[in-house]
Amino acid sequence: MDWNDLRYFLAVARTGSLSAATRELGTSQATIGRRVQALETALGAVLFERLNTGYVLTSAGREIQARAEAAEASVLAVARGVDRELGQVQGSVRLATGEALASHLIAPRASSFRATYSALRLEFVTGFRAVSLSRHEADLALRLIRPDQGDYIRRKVGVVGFGLYASAALVDAHPALRCDPWSVDFVGWDASMRDVPMAGWIKGQALDRIVATATSMNVQLALARASLGAALLPCFVADSVPDLVRLAGPSDVGILDLWVVVHRDLSRVPRVRAVLDFVGGLCEQESARLRGV
């Protein structure tokens, strides 16, 4: 049996579809489908029900998933142990974080990190999709939500303040916004992002005045700049955009704690430790800007 067949199987089992597994593994649906079929043939069992709505595990599939995840955990534990023993600051480190933090906080300082660690490659995994550190989808994460489960080290490295922003043109056209910032149309989060705290904040104020939604903060910023409506944005991003006006700040909108999260075993690996210290130090240096003061 090929271990890679189990990897493809686990990706489909966890995501529920070939297309989602494709995005996770970076390969084609045909390849994943073929490898899952090869595993079923090798085991002599049907592992999925192929439905129009996606792939659903059979009873045999659920049993294989439990065994495959145990094997996966053992393989990853061996890899972490090898890294720790080698003690070299080289290779690659995958950092999971949001697009705003990656683009506006970390990327501008990446060249200085590279100058110090020339043999280390940073790999960014961005977006709001939950990334599993235990399954090695990333080595560490910079998150606005503190995970409660897992064998992780969680370190609070600051807070991020949010504000309500509109274009200068929209404010000029509606001067009353300076006195009543919530009397405007809004750009909000897509319904699929309902677990994002900012989505709840805007929904509580906007009522039926959300005129556009997006799953991307950058898209919302662009819509606000186009005067479509006001948007809730991180202050450290929006304050640097010259044609946006802050209508309300963190004291009126809200703040979120910022956490660095790393698997306990990986926290002692030198290459991961280097990125962990870099990100933590950067958040400390930029604490006032992140808070939005």
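Rings of Phe, Tyr and Trp, the last taken by its six-membered ring, are counted here as a pair if their centres lie within 6.5 Å. With that criterion, a search of the whole structure, which is a predicted model, finds six aromatic pairs. In one of them, phenylalanine 9 and phenylalanine 48 have their ring centres 5.4 Å apart and their planes at 50°, so the pair is tilted. Because phenylalanine 9 lies in helix 1 (residues 3-15) and phenylalanine 48 in strand 1, this pair ties together parts that are 39 residues apart in sequence. Both phenylalanine 9 and phenylalanine 48 are buried. Another of the pairs joins phenylalanine 113 and tyrosine 117, whose ring centres are 5.1 Å apart with the planes at 45°, so that this pair is tilted as well. Phenylalanine 113 is buried, with a relative accessible area of 4%, whereas tyrosine 117 counts as partly exposed at 27% relative accessibility. Ring pairs also link Phe9, Phe48 and Tyr55 into a cluster.

**Overall architecture**

The chain has twelve helices and eleven strands, and its C-alpha atoms fill a box of roughly 70 × 50 × 30 Å, taken along the principal axes. Of the 293 residues in the chain, 47% are buried. When contacts with a separation of 6 or more are considered, 73% of them are accounted for by residues 24 or more positions apart.

**Helix 1 and the first hairpin**

Strand 1 (residues 48-51) pairs with strand 2 (residues 54-57) in the antiparallel sense, over four bridges, and the hairpin that joins strand 1 to strand 2 runs through two residues. Phenylalanine 48, the partner of phenylalanine 9 in the tilted pair, stands opposite leucine 57 in strand 2.

Helix 1 also holds aspartate 5, which counts as buried at 8% relative accessibility. Leaving out residues up to four places away in sequence, aspartate 5 touches Arg35, Ala38 and Leu39. A charged side chain is found over a ring at arginine 7, which lies over the face of tyrosine 8 at 5.8 Å from the ring centre.

**The nonpolar cores**

The largest nonpolar core has 63 residues, among which Leu105, Leu140 and Leu142 touch the most other members. Helix 11 (residues 270-285) gives the most to this core, with eight residues. Leucine 105, with residues up to four places away in sequence not counted, touches Ala100, Leu142, Phe236, Leu282, Cys283, Glu286, Arg289 and Leu290. A second, separate core of 18 residues includes Phe9, Leu39, Tyr55 and Ala68; of these, Phe9 and Tyr55 belong to the aromatic cluster described above, and Leu39 is one of the residues touched by aspartate 5.

Alanine 100, one of the contacts of leucine 105, lies in helix 5 (residues 99-106) and is buried, with a relative accessible area of 11%. Its own contacts, leaving aside neighbours within four places in sequence, are Leu105, Met217, Pro234, Phe236 and Val237, so that Phe236 appears among the contacts of alanine 100 and also among those of leucine 105. The C-alpha atoms of alanine 100 and aspartate 257, which are 157 residues apart along the chain, are separated by 15 Å.

**Cysteines**

The structure holds zero disulfides. A disulfide is a covalent bond between the sulfur atoms of two cysteines, and the cut-off applied to such a sulfur pair is 2.5 Å. For cysteine 179 and cysteine 283, the closest cysteine sulfur is in cysteine 235, and the distances are too far for a bond. The two residues are set side by side below.

| Cysteine | Distance to the sulfur of cysteine 235 | Relative accessibility | Class |
|---|---|---|---|
| Cysteine 179 | 20 Å | 74% | exposed |
| Cysteine 283 | 16 Å | 0% | buried |

Cysteine 179 is thus an exposed residue, at 74% relative accessibility, while cysteine 283 is buried at 0% and is among the residues touched by leucine 105.

Notes. Residues numbered from 1 in each chain as written. Predicted model: local features only at pLDDT ≥ 70, side-chain atom pairs only at ≥ 80, totals over all residues. Heavy atoms only, no water. Pairing = 2+ DSSP bridges. Buried < 20%, exposed > 50% of the residue type's maximum accessible area, 1.4 Å probe, protein only. Phe/Tyr/Trp six-rings, centres within 6.5 Å; stacked < 30°, edge-to-face > 60°. Lys NZ or Arg CZ within 6 Å of the ring centre and 35° of its normal. Core = buried A, V, L, I, M, F, W, Y, C linked by side-chain atoms within 4.5 Å. Contact = heavy atoms within 4.5 Å.
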